[in-house]
Amino acid sequence: MISSERIPNNVGLSSDKRLQRALDHWHPKFLQWWRDMGPQGFQDSHQVYLRTATSVDPRGWAHFEYVKLPDYRWGIFLAEPVADRRIGFGQFKGRPVWQEVPGEFRTPLRRLIVTQGDTEPASVEQQRLLGQSCPSLYDLRNLFQVNVEEGRHLWAMVFLLHSYFGRDGRDEAEELLERHSGHRDKPRMLEAFNTPVETWLDLFAFTMFTDRDGKSQLLSLSESALDPLSRTTRFMLTEESHHLFVGDTGIGRIIERTCQLMKQSGFSEDVRRLGGIDLPMIQRHVNFWFSQSLDLHGSEVSSNAATYFTNGLKGRAEEGKHQDDHVLADAVYLLGAVDETGRPRPREVPLRNALNEALRDWYEKDCLHSVERWNTKIASHGIDFRIALPDRKFHRHIGTFAGRRFDPSGRPLAAEEWERRRHEWLPSSADTAYLKSLQAAAVYEPGRFANYIAPPLRGINQRPIDFEYVRTEE
Ligand SMILES: [Fe+2]
Ligand SMILES: [Fe+2]
């Protein structure tokens, strides 16, 4: 029988027989999945200095210790309830939030939870081989921290499915372990989660851009009228910020090192001779992962998004900060569409139908803060180069720009020019091969860093940078 000791939680697991029974069945399958599909080569052989959430108060969720990965205590946490919380938007605005799932919204709520839940284990699968090529013990530890927390986010969604969706929910929870990233017959639900993450530059771009889509989605779900969903996602957001930190600072540290190498070589742009990653290569990875993550926000015009909002299931990011009536019965949005020739032809649509695009606005702004920090760093080295986010139309596979071709500035291109020049803008197999050659020799010595990345400014949990963040089991 599953115990509260093994599963730290604040959901009353020890007195909830139904949830215990469901988890008794699911837990062994999760552990098997973790062994098969989680970090390869580090399961029982290593101790990792990890943060484990043991409660939701700040001291409890920042508890650090050495653990073997399969012994990590994945827990179930809801953020503290907000007294007298009211629905903040849509047609039920002002009414008390729901503690149970209303029958008429069962299907869309289940779909929202399953879609979110599917991304969590997917990213663990995508990143499972990276430990074998890490640039330092510090980075290895951060990778595993992200992985165990994505595992916990899966638990969070499975808790909702088990507790509020009966038999269907239990079936969905099983299927979350049966689909696999990139699998031919049973792939993950969203495309960005079927793309392998094989290099550390891809990992940093993934945690910077794709985990940030996770933040967009979690922020909008945390507005939900379904209070358990709101509280679950609010706690997930506290963990998500570390994932974004890993991505933002990871790319920043590669940029820092690249600039140092450029200076060493008399401002030559050919840092590859010195074993570095050139800035245009970083730009190509930004282009790829940013555009993939834009797709994750869905079609510009979406009746699903409108229904979710109207019924209070999913709000906007930071709903409370919007200076409008939060009902949006008549509000309009000016959508940046194009005509047949690719020329801009904006058109007005009801805002309720354009909420995916509005969330993309929020997302792009959030990305820009990091990009500006990187550019300040590059400029501080006296180097004339700027990282830029590509235009929203670039390399899209979902929505009105899907199947059309634009360069990163948004200029429409003929098929022939796109084919000829696409690898100026997107990573090529030669780029990946070069990055793999750089990371071929993993660095496992405390305090040492691969040549292509600068050390961080400080260590984790006030430990020194040369702390042994991962050690072999004695
Ligand atoms: Fe997550
Ligand atoms: Fe994440």
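# Briefing on a predicted model: sheet, helices and loops

Gln 462 lies in the loop that runs between helix H12 (429–438) and strand E5. The structure is a predicted model. The points below cover an open three-stranded sheet, several helices, including H7 with its 38 residues, and two residues other than glycine with a positive phi, Leu 328 and Gln 462.

**Loop residues with a positive phi**

- Most residues that are not glycine have a negative phi.
- Gln 462 departs from that pattern, with a positive phi of about 60° although it is not a glycine.
- Is Gln 462 buried or exposed? Gln 462 counts as exposed, because it has 8 C-beta neighbours inside 10 Å and the cut-off for exposed is 12 or fewer.
- Leu 328, likewise not a glycine, has a positive phi of about 60°.
- The position of Leu 328 is in the loop between helix H9 (303–310) and strand E3 (332–335).
- Leu 328 is buried, since 23 other C-beta atoms lie within 10 Å and the threshold for buried is 20 or more.

**The open sheet**

- Three strands form an open sheet in the order E2-E1-E5, and their pairing is antiparallel.
- Strand E2 (63–67) and strand E5 (470–472) are the edge strands; each has a single partner strand, so one side of each has no neighbour in the sheet.
- On average, neighbouring strands of this sheet are turned by 25° against each other, with direction ignored.
- Strand E1 (residues 46–52) pairs with E5 in the antiparallel sense, over 3 bridges.
- Which residue in E5 is the bridge partner of Gln 47? The partner is Arg 471.
- Helix H4 (residues 137–164) lies across both E1 and E5, and runs at about 60° to E1.

**Helix H7**

- Helix H7 (residues 227–264) has 38 residues, which at 1.5 Å a residue should span 56 Å; the end C-alpha atoms are 56 Å apart, so the two values agree.
- A bend of about 30° occurs in H7 at Thr 238.
- Of the 38 residues of H7, 28 are buried, and the helix is mostly covered.
- Phe 245 belongs to helix H7.
- Phe 245 counts as partly exposed because it has 17 C-beta neighbours inside 10 Å, a count between the limits of 12 or fewer for exposed and 20 or more for buried.
- Phe 245 and Ser 370 are 125 residues apart along the chain, yet their C-alpha atoms are separated by 9.8 Å.
- Gly 266, just after H7, takes a positive phi of about 65°.

**Helix H3**

- Helix H3 (residues 106–126) reaches 30 Å from its first C-alpha to its last, close to the 30 Å expected for its 21 residues at 1.5 Å a residue.
- H3 is mostly covered, with 15 of its 21 residues buried.

**The packing of H1 and H5**

- Two packed helices are described by the angle between their axes and the distance between the axes.
- The axes of helix H1 (residues 17–37) and helix H5 (residues 166–178) come within 10 Å and cross at roughly 10°.
- H1 is therefore roughly parallel to H5, as angles under 35 degrees are classed in that way.
- On the H1 side, Ala 22, Trp 26, Lys 29, Phe 30 and Trp 33 meet Arg 170, Ala 173, Glu 174 and Leu 177 in H5.
- An α-helix has 3.6 residues a turn, so residues three or four places apart point the same way.

Conventions
Residues are numbered from 1 along each chain as its sequence is written. Chains are lettered from A and ligands numbered from 1 in the order in which they are written. This is a predicted model: local features need pLDDT of at least 70, side-chain atom pairs count only at pLDDT 80 or more; totals for chains, interfaces and linings use all residues. Two strands pair if DSSP finds at least two bridges between them. Helices (H or I, at least four residues) and strands (E, at least two) are DSSP runs, numbered from the N terminus. Axes are lines fitted to C-alpha atoms, for helices over the stretch in contact, and angles run from 0 to 180 degrees between N-to-C directions. Two residues are in contact if their C-beta atoms, placed from the backbone, lie within 7 Å. The expected span of a helix is 1.5 Å times one less than its number of residues. The bend at a residue is the angle between axes fitted to the seven residues ending there and the seven starting there. Angles under 35 degrees count as roughly parallel, over 145 as roughly antiparallel, 65 to 115 as roughly perpendicular and the rest as oblique.
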